[in-house]
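Biologist: Got a minute to walk me through this one? I'd like to start with the strand pairing.

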Amino acid sequence: MKISIIIPVFNVCEYLEQCVQSLLLQTHSDTEILLIDDGSKDDTPRICDELAKKFTNVIVFHKKNGGVSSARNLGIQRAKGDFIMFVDGDDWLEPTCLEDMLNMVNRTKCDACSCNKYFKNNTPQIATYICLGKSLSAKEVIKKHLHYGFIASPCLTLWRRELVKDVLFNENIHTLEDWEYNFRCLTKIQNICILDRAYYHYRTVEGSASVSPVNSRKLTCLEIPRYVNEYIQNNQLDLAEDAKYVPVFLAYHMLVIYSTQGADETSTIKLQAFFRRTLRRILFSRKVDIKHKLYLILASVHPDFFKTLFNLKNKK
């Protein structure tokens with residue numbers, strides 16, 4: 001069965017060949033590797049073209065810069081495989097990743113397969129605590145996802161393409177867009193299986209968007225609760241109660257970014273307003289634990305109060 005591997009690339013000339021080589025050396029070789037060059041300004045376009053000339057299963061698309069979501073969307077639209085998977089251009093995979101995931105899908109008759117672990121700069125990390133090694137209903141996993149108990153990254157999941165081919169990334173969201181994409185994909189499948197092993201090597205690159213301070217682009221994620229609720233209503237899904245938790249996890253996520261990477265004054269004011277709105281909605285809810293309520297109370301006074309507590313807790 002063919003797997004389409006979608007790789008958005010932007011100014012990753014230093015890492016791209018390692019990424020592609022890790023895919024060419026997979027023990028499952030029936031792949032198409034889609035390199036979506038998102039208007040790179042360095043040597044990335046040349047490397048893409050050289051790889052495509054050298055390997056018949058490497059296909060390159062050059063486009064104007066539009067962001068990672070627009071690049072992934074082009075890959076989704078051009079993919080022809082039975083399954084799709086995403087890899088970022090500065091990351092790489094263990095050699096048996098695709099074979100093991102595909103074998104798991106075939107054994108469990110599932111529509112998707114995820115890994116519960118990954119490597120971050122070669123250090124193993126936990127991606128989800130959902131039970132492993134068996135078929136799980138998508139409905140069960142969706143509820144976990146809405147409570148931030150499932151995988152946020154799209155790079156850890158193999159999706160049956162026919163079921164999710166019409167699901168595209170929301171190009172108006174620039175942080176946690178992958179979490180929102182995974183939510184909609186989960187509503188298109190019946191079941192999913194989880195592998196208890198790390199295959200994906202995630203590299204933190206200094207200066208990348210993932211390690212930058214809170215700014216107007218990152219604040220676009222504050223619209224996620226609205227998008228989720230609209231999707232639930234439009235598709236008549238019985239998830240409205242579970243979706244009420246989304247602003248809480250979103251607030252905590254942004255507080256961690258604020259505490260570790262900072263924010264400009266305008267973004268801080270907008271964040272504080274979001275924390276206050278969220279606190280008013282969940283203060284008396286029995287479904288939100290005391291810990292998260294306390295975090296929101298501190299952040300509503302000022303995010304720096306949470307930052308102090310967070311840094312003390314994580315001080316080495």
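**Strands, core and a helix crossing**

Modeller: Sure. This is a predicted model. F119 stands opposite H201 in strand β10.

Biologist: Which way do β6 and β10 run, parallel or antiparallel?

Modeller: Strand β6 (residues 112-120) and β10 (residues 191-202) run parallel, and six bridges join them.

Biologist: And how many bridges join β6 to β9?

Modeller: Three, and there the strands run antiparallel, with β9 covering residues 157-160. In that pairing, S114 has T157 in β9 as its bridge partner.

Biologist: OK, switching to the core. How many residues are in the largest nonpolar one?

Modeller: It has 101 residues. Among those with the most contacts inside it are W159, W179, Y181 and M254. The largest share, nine residues, comes from helix α10, residues 246-261.

Biologist: What is M254 in contact with, leaving aside neighbours within four places in sequence?

Modeller: M254 is in contact with V214, K218, L219, C221, L222 and L271.

Biologist: Back to α10, then. At roughly what angle do the axes of α10 and α13 cross?

Modeller: Roughly 75°, and the axes come within 9 Å; α13 is residues 303-313. Angles of 65 to 115 degrees count as roughly perpendicular, so α10 and α13 are roughly perpendicular to each other.

Biologist: Which residues meet there?

Modeller: From α10, Y252, L255, V256, Y258, S259 and T260; from α13, P303, D304, F306, K307, F310 and N311. By class, that contact has seven nonpolar, three polar and two charged residues.

Terms used. Residues numbered from 1 in each chain as written. Predicted model: local features only at pLDDT ≥ 70, side-chain atom pairs only at ≥ 80, totals over all residues. Heavy atoms only, no water. Core = buried A, V, L, I, M, F, W, Y, C linked by side-chain atoms within 4.5 Å. Buried < 20%, exposed > 50% of the residue type's maximum accessible area, 1.4 Å probe, protein only. Helix = DSSP H or I, 4+ residues; strand = E, 2+ residues; numbered from the N terminus. Contact = heavy atoms within 4.5 Å. Pairing = 2+ DSSP bridges. Axes fitted to C-alpha atoms, helices over the stretch in contact; angles between N-to-C directions. Parallel < 35°, antiparallel > 145°, perpendicular 65-115°, else oblique. Nonpolar A, V, L, I, M, F, W, Y, C, P; charged D, E, K, R; others polar.
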